[in-house]
Amino acid sequence: MTDGTKEGSAGNGRTAKGQDRESRIERGVMIRAGFYIFGTHLFAGFVWLLFYLGEHAHK
């Protein structure tokens, strides 16, 4: 039983570290996705602005 307890506690320690690492990875992915979404919308807005200005340009 002592061996099982030691393995179980070591497993719990690894699990907590694993969950911490997973949460950091997940947070990084969410931040990266936010930047990508924001950047895509910023680029799309710039392209839209170019079309708008080109449409209303004095010819």
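Visitor: How many residues apart are W48 and Y52 in helix α1, and what does that make in helical turns?

Guide: This is a predicted model, so take what follows as computed from it. W48 and Y52 both sit in helix α1. Their spacing there is 4 residues, which comes to about one helical turn.

Visitor: What kind of aromatic pair do W48 and Y52 form?

Guide: A search of the whole structure turns up 1 aromatic pair, and W48 with Y52 is that pair, at 5.6 Å centre to centre. Planes under 30 degrees apart count as stacked. The angle between these planes is 20 degrees, so the pair is stacked.

Visitor: Is W48 buried or exposed?

Guide: The cut-off for exposed is over 50% relative accessible area, and anything between 20% and that is partly exposed. Its ring partner Y52 has 40% relative accessibility, so Y52 counts as partly exposed. W48 has a relative accessible area of 57%, which means W48 is exposed.

Visitor: Which residues make the nonpolar surface patch of about 780 Å²?

Guide: Both members of the stacked pair, W48 and Y52, belong to the patch. L50 is in there too; L50 lies in helix α1 and is partly exposed, with a relative accessible area of 46%. The full membership is F43, F46, W48, L49, L50, Y52 and L53.

Visitor: Let's move to charges: which residue forms a salt bridge with D20?

Guide: Side chains of opposite charge can pair when their charged atoms come close. By the rule used here, the count is 1 salt bridge. The cut-off is 4 Å, and the closest N and O atoms are 3.6 Å apart, with D20's partner being R24.

Visitor: Where do D20 and R24 lie?

Guide: They are 4 residues apart, about one turn of the helix. D20 is partly exposed at 41% relative accessible area, while R24 is exposed at 57%. Both lie in helix α1, residues 2-55.

Visitor: Which residue's backbone oxygen does the side chain of H41 reach?

Guide: H41 is another residue of helix α1. At 56% relative accessibility, H41 counts as exposed. Its side chain comes to 2.8 Å from a backbone oxygen, and that oxygen belongs to I37.

Visitor: And overall, what percentage of the 59 residues of the protein count as buried?

Guide: The secondary structure comes to 1 helix and 0 strands. About 5,900 Å² of the protein is exposed, with carbon and sulfur atoms supplying 64% of it. To count as buried, a residue needs under 20% relative accessible area. The share of residues that count as buried is 0%.

Methods:
Residues are numbered from 1 along each chain as its sequence is written. This is a predicted model: local features need pLDDT of at least 70, side-chain atom pairs count only at pLDDT 80 or more; totals for chains, interfaces and linings use all residues. Side-chain values use heavy atoms; hydrogens and water are left out. Helices (H or I, at least four residues) and strands (E, at least two) are DSSP runs, numbered from the N terminus. Buried means under 20% relative accessible area, exposed over 50%, partly exposed in between (1.4 Å probe, protein chains only). Accessible areas come from the Shrake-Rupley method with a 1.4 Å probe; for residues, only the protein chains shown count as cover. A salt bridge is a side-chain nitrogen of Lys or Arg within 4 Å of a carboxyl oxygen of Asp or Glu. Rings of Phe, Tyr and Trp (its six-membered ring) pair if their centres lie within 6.5 Å; planes under 30 degrees apart count as stacked, over 60 as edge-to-face and the rest as tilted. Patches are made of residues with over 30% relative accessible area and no salt bridge: like charges are joined within 9 Å, nonpolar side chains (Val, Leu, Ile, Met, Phe, Trp, Tyr) within 5 Å. A polar contact is a pair of N or O atoms within 3.5 Å; within protein, one must be able to donate a hydrogen and the other to accept it, and residues adjacent in sequence count only if both atoms are side-chain atoms.
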